[in-house]
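Dear colleague,

I am passing on the structure below for you to look over, and my notes on what was found in it come after it. Please read them with the model open beside you.

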Amino acid sequence: MGKSMVKLVGVAEVEAFGRDGCVLLPGLLKDWVEVIAAGIERNVREPGPLASEGVERGEPGRFFDDYCNWRRIPEFEDVVRNSPMAEAAAVLMGSSLAQLFHEHVLVKEPGTAKETPWHQDAPYYFVDGRQTVSFWVPVDPVTETTLRFVAGSHLWPKLVLPVRWLTETSFYGGEHDFLAVPEPEAPGSGMRVLEWPMAPGDAVAFTFRTVHGARANLTAGRRRAFSARWVGEDAAVVARAGPTSPPFPGHGMKPGDRLREDRFPVIWRRAP
Ligand SMILES: O=C(O)CCC(=O)C(=O)O
């Protein structure tokens, strides 16, 4: 482990991540802000086939999101391969390797009233396990539009109903054995919400099962964020009730398989 990593992801951070399912890592990507911002601009200018808009027509603002573009956006390939993120992922997960699942861009323009609904990422994904982590990295300073988490929700015994962000209807449709979307701020919910003001290049790390959401962006500034999702050695393919998000059509794996390394590269491995 390099010196900077010891400072940025130490015992206290690993412990908080295990306990709360999320942890702030100030400055983890501070040397990568310009690279990430350039990649985000390229992504917004040249959206991929999975890009979507999260604000209904006629409503204020814009919430652009897109994912799975790292192979065609050189700035994203650079950051996932060469930044301290992969090693930080392995340390947090307690894994001997860090394998990239996908990257994600989420841009909330000024005056966007749309909140990002409370959700877990796991139920949208065809991979799950104890060793998972996403890093959410803003390239603008964020205070009120930051990502918020329900502490300890990664240990809940059941998954939360996944919803479509635009319409907030059930993602897979029909009746399923999911928990209802929680209302962590309702009086008496008993849930502890964690959030931190963040500077460009800070990262919050959270598991695929940690419930999170974000407020509207009613500020005058943009809120551009880059997320990268990683798995460790124990994560495996799981069956879901329909096409997942991201879909990765024809991925050719079956439940129980580890993610294939030709599509989901192992970026960091502990030296033997
Ligand atoms: O940026 C947002 O509003 C939501 C981000 C999110 O849900 C994620 O990165 O998993």
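The notes below take up one strand and its partners, and then turn to two pockets.

Please bear in mind throughout that this is a predicted model.

I begin with strand β10, which covers residues 203–206 and in which Ala203 and Ala205 point one way while Val204 and Phe206 point the other way, all of them being buried. Strand β1 (residues 22–25) pairs with β10 in the antiparallel sense over four bridges, and within that pairing Val23 has Ala205 as its bridge partner. Strand β7 (residues 132–138) also runs antiparallel to β10, to which three bridges join it, and here Phe135 is the residue that stands opposite Ala205.

As for the pockets, the largest holds about 540 Å³ of space, and of the 30 residues that line it, Ser52, Asp65, His104, Trp165 and Ser245 are the closest to its centre. Several strands contribute to this lining, since β2 (52–53), β3 (63–67), β4 (97–108), β5 (116–119), β11 (212–214) and β12 (223–231) each supply at least two residues. By residue class, the lining of the largest pocket divides into 15 nonpolar, nine polar and six charged residues.

The second largest pocket has a volume of about 280 Å³ and a lining of 16 residues, among which Leu50, Tyr67, Cys68, Asn69 and Phe248 lie nearest its centre. The lining of this second largest pocket comprises 11 nonpolar, two polar and three charged residues.

With best regards

Technical notes: Residues are numbered from 1 along each chain as its sequence is written. This is a predicted model: local features need pLDDT of at least 70, side-chain atom pairs count only at pLDDT 80 or more; totals for chains, interfaces and linings use all residues. Side-chain values use heavy atoms; hydrogens and water are left out. Buried means under 20% relative accessible area, exposed over 50%, partly exposed in between (1.4 Å probe, protein chains only). Two strands pair if DSSP finds at least two bridges between them. On a 1 Å grid over the protein atoms alone, a cavity is a set of points where a 1.4 Å probe fits but cannot get out, and a pocket is an open set with protein on both sides within 12 Å along at least five of seven lines; lining residues have an atom within 4 Å of a point. Grid points are joined across faces, edges and corners, and a volume is the space filled by probe spheres set on the points. Ala, Val, Leu, Ile, Met, Phe, Trp, Tyr, Cys and Pro count as nonpolar, Asp, Glu, Lys and Arg as charged, and the others, Gly among them, as polar.
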